[in-house]
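Welcome, and please get your viewer ready. We will walk through this model stop by stop, with something to select at each one.

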Amino acid sequence: MRGTNKSWFAKGMRDAIPIALGYLAVSFTLGIAAKNAGFTPFQAFLVSFTNNASAGELITNARYLLMSCALSQKLPPDTPMIQRLLLSYDVTDELFGISVAVPGKLNPYYSFGAYTVALPGWAFGTLFGTLMGSILPANIVSALSVGLYGMFLAIIIPPARKNKILAGVVLISMGASFAFTKLPVVHTLSTGTRTILLTILIAGGAAILFPINEEEDDTKSTESSVLNNNERQASHES
């Protein structure tokens with residue numbers, strides 16, 4: 001976890017740019033839903049800015065509890081409580097994805113930098129949706145609503161290509177998620193409940209079968225940091 005807080009903050013901002021653009025596009029549909037529910041543009045903007053929880057803004061989803069627990073394990077033990085509380089403010093699927101993908105322990109300033117860029121994208125996208133959503137063609141709105149899924153795939157595919165175990169877990173998750181929509185009894189559960197069950201079963205099973213050695217993970221993080229510094233230095237010299 002080498003590097004200053006400022007450098008980690010800047011890296012988080014840079015990595016969150018694609019997420020912010022995706023949020024800006026996808027939250028159009030949330031703005032339309034907010035307008036249909038009777039929200040004014042300002043109210044829709046305020047809700048998205050203070051409660052940046054993707055679909056959770058309209059439907060409470062307990063999966064964020066699981067993601068927050070997982071993210072807390074990435075933090076150094078001496079992380080101040082105020083930073084932990086600030087980190088919990090914006091744990092969305094995509095921001096969680098890039099935060100847990102950081103090698104070794106997570107510097108909270110990386111996530112803070114990502115939040116700084118991503119949060120306005122979601123809030124202003126919601127605002128624009130309430131103002132302009134009704135004048136956009138239906139096919140355009142439909143295309144915007146699925147853009148976030150493509151962006152999320154772009155977050156999970158690179159680390160899955162580097163780690164066969166992670167790739168296997170991703171494939172099992174996709175297959176099990178589909179199976180849960182067809183199996184008796186289970187298919188009657190809400191989408192959020194099925195997601196929680198799958199997360200506990202698959203993540204728990206992977207943790208038991210393939211535990212991560214924290215010392216080895218920290219060593220790899222240090223080696224990666226040194227390699228990146230050497231590459232940057234060589235680039236400057238050339």
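## First stop: a pocket

The second largest pocket holds about 170 Å³ of space. To find it, select Tyr-64, Leu-65, Ser-68, Ser-88 and Val-91, which are the closest to its centre among the 13 residues that line it. Next, colour helix α4, residues 63–72. This helix gives the largest share of the lining of the second largest pocket, with 3 residues. Keep in mind as you look around that this is a predicted model.

## Zoom out: the whole chain

Now show the full chain as a cartoon. You will see 11 helices and 0 strands, so to speak an α after α reading from the N terminus on. Colour by burial next: of the 238 residues, 34% count as buried. If you draw a contact map, look away from the diagonal. Among contacts with a separation of 6 or more, 79% are between residues 24 or more positions apart.

## Select α2, residues 17–36

Helix α2 has 20 residues and reaches 29 Å from its first C-alpha to its last. That span is close to the 28 Å expected at 1.5 Å a residue. Where does α2 bend? Centre on Ser-27, where the bend is about 30°.

Show side chains for the buried residues of α2: Ile-19, Ala-20, Gly-22, Tyr-23, Val-26, Ser-27, Phe-28, Leu-30, Gly-31 and Ala-34. Ser-27 is thus on two lists, as the place of the bend and as one of the buried residues. Past the helix, pick Gly-38, which follows α2 and has a positive phi, near 100°.

## Across from α2 to α7

Stay with Leu-30 in helix α2. Is Leu-30 buried or exposed? Its relative accessibility is 10%, and because the cut-off for buried is under 20%, Leu-30 counts as buried. Draw a distance from its C-alpha to that of Trp-122: the two atoms are separated by 9.5 Å, although the residues are 92 apart along the chain.

Then select Phe-124, in helix α7. Phe-124 and Gly-31 make another such pair, 93 residues apart in sequence and 9.3 Å apart in space, C-alpha to C-alpha. Gly-31 is one of the buried residues of α2, whereas Phe-124 is partly exposed, with a relative accessible area of 37%. Which residues is Phe-124 in contact with, leaving aside its neighbours within four places in sequence? Display Leu-24 and Phe-45 to see them.

## Select α3, residues 41–50

Phe-45 leads us to helix α3, where Ala-44, Phe-45 and Ser-48 are buried. These three cover an arc of only 100° around the axis, so they sit on the same side of α3. Look down the helix axis to view this arrangement. Now bring back α2 and α7 (108–132): what covers the buried residues of α3 includes both of these helices.

## Last stop: Val-185

Finally, move to the loop between α9 (164–180) and α10 (191–209) and select Val-185. What is the phi of Val-185? It is positive, about 70°, although Val-185 is not a glycine. For context, most residues other than glycine have a negative phi. Switch on the surface here: Val-185 is exposed, with a relative accessible area of 63%. You might compare Gly-38, the residue with a positive phi that follows α2.

Note on methods:
Residues numbered from 1 in each chain as written. Predicted model: local features only at pLDDT ≥ 70, side-chain atom pairs only at ≥ 80, totals over all residues. Heavy atoms only, no water. Helix = DSSP H or I, 4+ residues; strand = E, 2+ residues; numbered from the N terminus. Expected span 1.5 Å × (residues − 1). Bend = angle between axes of the 7 residues up to and from the residue. Buried < 20%, exposed > 50% of the residue type's maximum accessible area, 1.4 Å probe, protein only. Arc of directions from axis to C-beta. Contact = heavy atoms within 4.5 Å. 1 Å grid on protein atoms, 1.4 Å probe; cavity = no way out; pocket = protein on both sides within 12 Å on 5 of 7 lines; lining within 4 Å. Points joined across faces, edges and corners; volume = space filled by probe spheres on them.
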